[in-house]
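Hi there,

Here is the structure I promised to pass along. Please have it open while you read, and my notes follow underneath.

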Amino acid sequence: AVAAGRSAEAAGAAAAAANTRANEVEKASKRIVYEVVLNEEKGNFKFGRKDLPDEAKARLDELIAQLKADPKGIFIEIEGHTDNVGTAAGNLDLSKRRAASVAAVLAGQFAVAASSLSTDGKGDAEPVSSNATQEGRAMNRRVVFEKP
């Protein structure tokens with residue numbers, strides 16, 4: 001009876017762990033559907049600039065189309081990022097300005113309520129590529145926005 005109780009407890013713990021993992025996968029898969037990345041390659045975000053070029057604005061159209069297809073509870077998280085060139089404080093400031101630039105376009109051009117937008121700057125803290133090459137630095141200069 002004791003062995004059966006232990007076995008049942010182990011099975012329950014395994015089921016709970018599997019359920020947690022399934023929920024995390026489901027949450028992650030929903031986030032990916034709404035993620036758009038703007039960098040020099042995918043939107044022409046140039047070195048040291050916060051301005052949102054026309055190519056990047058076209059990428060915003062993709063997100064807006066997805067949001068219109070599923071408008072329930074619209075909330076968009078916007079993160080700005082930089083490469084590692086410059087000072088940490090300067091990069092953090094630039095990343096915040098990049099995120100704010102995207103938020104301004106979403107609010108102004110696409111009429112997304114400001115209360116539905118959250119912005120944050122990460123500076124050079126979360127690179128997606130090596131900062132040792134020009135191509136890698138270009139990939140790190142980006143804004144990521146997603147609907148959680």
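Below is what I found, going from the whole chain down to single residues.

Please keep in mind that this is a predicted model. The protein has four helices and four strands, and along the sequence these follow the pattern α-β-α-β-α-β-α-β. Of its 148 residues, 32% count as buried. The accessible surface comes to about 8,400 Å², and 55% of that belongs to carbon and sulfur atoms. If you look at contacts between residues at least 6 apart in sequence, 73% of them join residues at least 24 apart.

Next, the core. In soluble globular proteins, nonpolar side chains tend to be buried together. Here the largest nonpolar core has 15 residues, and I76, I78, L106 and F145 are those with the most contacts inside it. The elements that give two or more residues to this core are α2 (54-69), β2, α3 and β4. Of these, α3 gives the most, with five residues.

Helix α3 is worth a look of its own. It covers residues 88-108, and its 21 residues should span 30 Å at 1.5 Å a residue; the end C-alpha atoms are 30 Å apart, so the two values agree. Buried residues in α3 include N91, L94, R98, V102 and L106. Leaving aside residues up to four places away in sequence, L106 touches L60, I64, I76, I78, A111, V112 and L117.

Now to strand β4. All five of its five residues are buried, so the strand is largely enclosed by the rest of the structure. Both of its faces are covered, with R142, V144 and E146 on one side and V143 and F145 on the other. Its partner is β2 (residues 76-81), and the two strands pair in the antiparallel sense over five bridges. In that pairing, H81 stands opposite R142.

One last residue: is R141 buried or exposed? R141 sits in the loop between α4 (134-140) and β4 (142-146). Its relative accessible area is 8%, and buried means under 20%, so R141 is buried. As for what its side chain meets there, the side chain of R141 makes a polar contact with the side chain of D83, at 2.7 Å.

Happy to go through any of this with you at the bench.

Best wishes

Key:
Residues are numbered from 1 along each chain as its sequence is written. This is a predicted model: local features need pLDDT of at least 70, side-chain atom pairs count only at pLDDT 80 or more; totals for chains, interfaces and linings use all residues. Side-chain values use heavy atoms; hydrogens and water are left out. Buried means under 20% relative accessible area, exposed over 50%, partly exposed in between (1.4 Å probe, protein chains only). A polar contact is a pair of N or O atoms within 3.5 Å; within protein, one must be able to donate a hydrogen and the other to accept it, and residues adjacent in sequence count only if both atoms are side-chain atoms. Two strands pair if DSSP finds at least two bridges between them. The expected span of a helix is 1.5 Å times one less than its number of residues. Contact means heavy atoms within 4.5 Å. Accessible areas come from the Shrake-Rupley method with a 1.4 Å probe; for residues, only the protein chains shown count as cover. A nonpolar core is a set of buried Ala, Val, Leu, Ile, Met, Phe, Trp, Tyr and Cys residues joined through side-chain atoms within 4.5 Å.
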